[in-house]
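Reader: I should like to learn how the pockets, ring pairs and covalent links of a model are read. Please take the features one after another.

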Amino acid sequence: MYSSKSLFTFLFFPFLLLSISAHSYTHRAHAPCKEMVFFFHDIVYNGENYKNATSAIVGAPDWGNRTIMSSPNNFGDMIVFDDPITLDNNLHSPPIGRAQGMYFYDQKDTFSSWLGFSFVFNNTDYKGSLNFAGHDPLMNKTRDISVIGGTGDFFMTRGIATLSTDAFEGSVYFRLRVHVKLYECWKLL
């Protein structure tokens, strides 16, 4: 039950609640509570590499097909992936998990995509998953996408992942360096 004083404050000074919430929001820590760097390796199926492909074109515009990226700028292609995640940039290093999700190319005039994926960890250092989503302007050296949650060791985390293309071979292979900075970390008891 509300006391008469708190009810009076709520009824006659609702802006006070807004100013308190806005004040606490603007004074959060600016340093990340956790930082990690991972690499994920994407090998697009091209009609000839079934054994080692980790992603495939599942949707293409009428003028495209599902084994070769569309022109111009891969516009309209939708790709699903199940890529290995490593701690270094070597594709043959032991994977610590999988990057699973999809991306689609969303602009005709430049290389640009939208990503939605999870890092699903399966090792002794990390348990659980991290979830990502956002616009990826591929021609920029670095790009930020949102960390929008997680499970296990990453329960309800939020932050930023800075992507940089570490290597690529035509339209078949690329490697992304993912610098994860978490600004909201929860510790499960």
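Author: Let us begin with a pocket. The second largest pocket of this predicted model holds about 220 Å³ of space. Its lining comprises 13 residues, and those closest to its centre are Lys34, Asp153, Phe154, Trp186 and Lys187.

Reader: How is such empty space found, and which classes of residue line the second largest pocket?

Author: Empty space is revealed by rolling a probe the size of a water molecule over the atoms. In the second largest pocket, the lining divides into seven nonpolar, two polar and four charged residues.

Reader: How much space lies in the largest pocket, and which residues lie nearest its centre?

Author: The largest pocket offers about 450 Å³. Its lining is made of 20 residues, with Tyr105, Leu138, Phe168, Gly170 and Phe174 nearest the centre. The elements that contribute two or more residues to this lining are E4, E5, strand E8 (158-169) and E9. E9 provides the largest share, namely three residues. By class, the lining of the largest pocket counts 13 nonpolar, five polar and two charged residues.

Reader: Let us turn to the aromatic rings. How many aromatic pairs does the structure hold?

Author: A ring pair is read from the distance between centres and the angle between planes. The structure has 18 aromatic pairs. One of them joins Phe40 and Phe117, whose centres are 5.5 Å apart and whose planes meet at 55°, a tilted arrangement. Phe40 belongs to strand E1 and Phe117 to strand E5 (residues 113-122), so this pair ties together parts that are 77 residues apart in sequence.

Reader: Are Phe40 and Phe117 buried or exposed?

Author: Both Phe40 and Phe117 are buried. A further pair can be read in the same manner: the ring centres of Phe81 and Tyr103 are 5.7 Å apart with the planes at 45°, so this pair is tilted. It links distant parts of the chain, with Phe81 in strand E3 (residues 78-86) and Tyr103 in strand E4 (residues 97-105), 22 residues apart. Phe81 and Tyr103 are likewise buried.

Reader: Which residues do the ring pairs link into a cluster?

Author: The cluster consists of Phe38, Phe40, Phe81, Tyr103, Tyr105, Phe117, Phe119, Phe121, Tyr126, Phe132, Phe154 and Phe174. Tyr105 and Phe174 appeared above among the residues nearest the centre of the largest pocket, and Phe154 among those closest to the centre of the second largest pocket.

Reader: How is a disulfide recognised, and which residues form one here?

Author: The test is a sulfur-to-sulfur distance within 2.5 Å. By this rule the count is one disulfide. Cys33 and Cys185 form it, with their sulfur atoms 1.9 Å apart. The link of Cys33 and Cys185 is right-handed, with 80° about the S-S bond. Cys33 lies in the loop between helix H2 (14-26) and strand E1 (34-43), while Cys185 lies in the segment after strand E9 (173-184), so the disulfide ties together parts that are 152 residues apart in sequence.

Reader: What are the relative accessible areas of Cys33 and Cys185?

Author: Cys33 is partly exposed at 42%, and Cys185 is partly exposed at 35%.

Reader: One backbone matter remains. Which residue has a positive phi although it is not a glycine, and where does Met156 lie?

Author: The residue is Met156, with a positive phi of about 55°. Met156 is located in the loop between strand E7 (143-152) and E8. Its relative accessible area of 42% makes Met156 partly exposed.

Conventions. Residues are numbered from 1 along each chain as its sequence is written. This is a predicted model: local features need pLDDT of at least 70, side-chain atom pairs count only at pLDDT 80 or more; totals for chains, interfaces and linings use all residues. Side-chain values use heavy atoms; hydrogens and water are left out. Helices (H or I, at least four residues) and strands (E, at least two) are DSSP runs, numbered from the N terminus. Buried means under 20% relative accessible area, exposed over 50%, partly exposed in between (1.4 Å probe, protein chains only). Rings of Phe, Tyr and Trp (its six-membered ring) pair if their centres lie within 6.5 Å; planes under 30 degrees apart count as stacked, over 60 as edge-to-face and the rest as tilted. On a 1 Å grid over the protein atoms alone, a cavity is a set of points where a 1.4 Å probe fits but cannot get out, and a pocket is an open set with protein on both sides within 12 Å along at least five of seven lines; lining residues have an atom within 4 Å of a point. Grid points are joined across faces, edges and corners, and a volume is the space filled by probe spheres set on the points. Ala, Val, Leu, Ile, Met, Phe, Trp, Tyr, Cys and Pro count as nonpolar, Asp, Glu, Lys and Arg as charged, and the others, Gly among them, as polar.
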